[in-house]
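Open the model in your viewer and keep the selection tool at hand. We will go from stop to stop, with something to select at each one.

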Amino acid sequence: MKRSAAEIVREYGPYAGVEAVHGVTYDGSLMWFASGDRLNAVDPADGNITRSIDVAAHAGTAFDGRHLFQIAEDRIQKIDAVTGKVLATIPAPGGGGDSGLAWAEGSLWVGQYRERKIHQVDPQTGKILRTIESKRFVTGVTWVDGELWHGTWEGEDSDIRRIDPETGKVLEQLDLPAGTMVSGLESDGGDRFFCGGGDRGNVRAVRRPKRG
């Protein structure tokens, strides 16, 4: 396993009125984060919130190219990213114990925090298609270039780890400074991960390791 210190390249926030950051996603131009009662869109260039959607937003957030998906307690909401309207809901696999959320290969990928699992879920029905076991509490989840990464947060320790999607084996680990938490996680498709900062009310950009 490759292990190194995470390189934090930028911090966004904390933001007024935001008590905690839960899910994080990226729509190709804006970074979105969930803050309990709304979804907030941030311009990564200047860090300013450009718009907000009033919607229950308690855990992970994802984007499929057209719609936002947002965990709200024991359900996952499909949201029109333009109008903010909730179009559909499906049951969340953890029944309220869900954490991270990602979109990849036509499926939703849902982290279960204390159960240390990641589920591949049918976005139409909520049916669990398969389950990956992790070694640590699972916070945010993201796929990038065929790699599955998830955030962890236990006690004062947090890291971002790449795992084998078949076996759950840890392949690479980026350790965050002690006391730095990872709540949500999303790749920008390039060289950055966006990491929710939990009750700090901020988001950090962490450099994604280069591939040979």
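Start with Pro14, which sits in the loop between β2 (8-12) and β3. Keep in mind along the way that this is a predicted model. Show the backbone here: the peptide bond from Gly13 to Pro14 is cis, and its omega is near 5°.

**The open sheet**

Next, select β3, β4, β5 and β6. These four strands form an open sheet in the order β3-β4-β5-β6, with antiparallel pairing. The edges are held by β3 (24-26) and β6 (49-57); each has a single partner strand, so one side of each is left without a neighbour in the sheet. On average, neighbouring strands of this sheet are turned by 20° against each other, direction ignored. Now zoom in on β3 and β4 (residues 31-34), an antiparallel pair joined by three bridges. Select Tyr26 and you will find Met31 of β4 opposite.

**The largest pocket**

Where should you look for the centre of the largest pocket? Select His22, His58, Ser99, Trp153 and Ser183: among the 17 lining residues, these lie nearest the centre. The volume of this pocket is about 220 Å³. Colour the lining by class and you should get six nonpolar, ten polar and one charged residues. Strand β11 (residues 98-104) gives the largest share of the lining, three residues.

**Strand β11 and its hairpin**

Stay with β11 and switch on the surface. Six of the seven residues in β11 are buried, leaving the strand mostly covered. Add β12 (residues 107-112), which runs antiparallel to β11 and is joined to it by five bridges. One pair to label is Asp98 with its bridge partner in β12, Gln112.

Then move to the turn, where two residues lie between the strands of this hairpin and Glu105 takes a positive phi near 55°. Is Glu105 buried or exposed? Glu105 has 64% relative accessibility, over the 50% cut-off, and therefore counts as exposed.

For another positive phi in a residue other than glycine, select Asp145, where the value is near 50°. Asp145 is in the loop between β15 (141-144) and β16 (147-154), and it counts as exposed at 61% relative accessibility.

**Salt bridges**

Side chains of opposite charge can pair when their charged atoms come close. The whole structure has 15 salt bridges; here are some to select.

- Asp175 and Arg3: their side chains meet in a salt bridge at 2.7 Å, N to O. This pair links distant parts of the chain, with Asp175 in β18 (residues 170-175) and Arg3 in β1 (residues 2-5), 172 residues apart. Asp175 is partly exposed at 22% relative accessible area, whereas Arg3 is exposed at 56%.
- Arg136 and Glu154: the closest N and O atoms of this salt bridge are 3.0 Å apart. Arg136 is in the loop between β14 (128-133) and β15, and Glu154 is in β16, 18 residues apart. Arg136 is buried at 19%, while Glu154 counts as partly exposed at 22%.
- Asp188 and Arg192: this salt bridge spans 2.8 Å, N to O. Asp188 is buried at 17% relative accessibility, and Arg192 is partly exposed at 21%.

For the last stop, select Asp145, Glu147, Arg162, Glu172, Arg208 and Arg211 together: salt bridges with shared partners join them into one network.

Note on methods: Residues numbered from 1 in each chain as written. Predicted model: local features only at pLDDT ≥ 70, side-chain atom pairs only at ≥ 80, totals over all residues. Heavy atoms only, no water. 1 Å grid on protein atoms, 1.4 Å probe; cavity = no way out; pocket = protein on both sides within 12 Å on 5 of 7 lines; lining within 4 Å. Points joined across faces, edges and corners; volume = space filled by probe spheres on them. Nonpolar A, V, L, I, M, F, W, Y, C, P; charged D, E, K, R; others polar. Buried < 20%, exposed > 50% of the residue type's maximum accessible area, 1.4 Å probe, protein only. Pairing = 2+ DSSP bridges. Axes fitted to C-alpha atoms, helices over the stretch in contact; angles between N-to-C directions. Salt bridge = Lys/Arg side-chain N within 4 Å of Asp/Glu carboxyl O.
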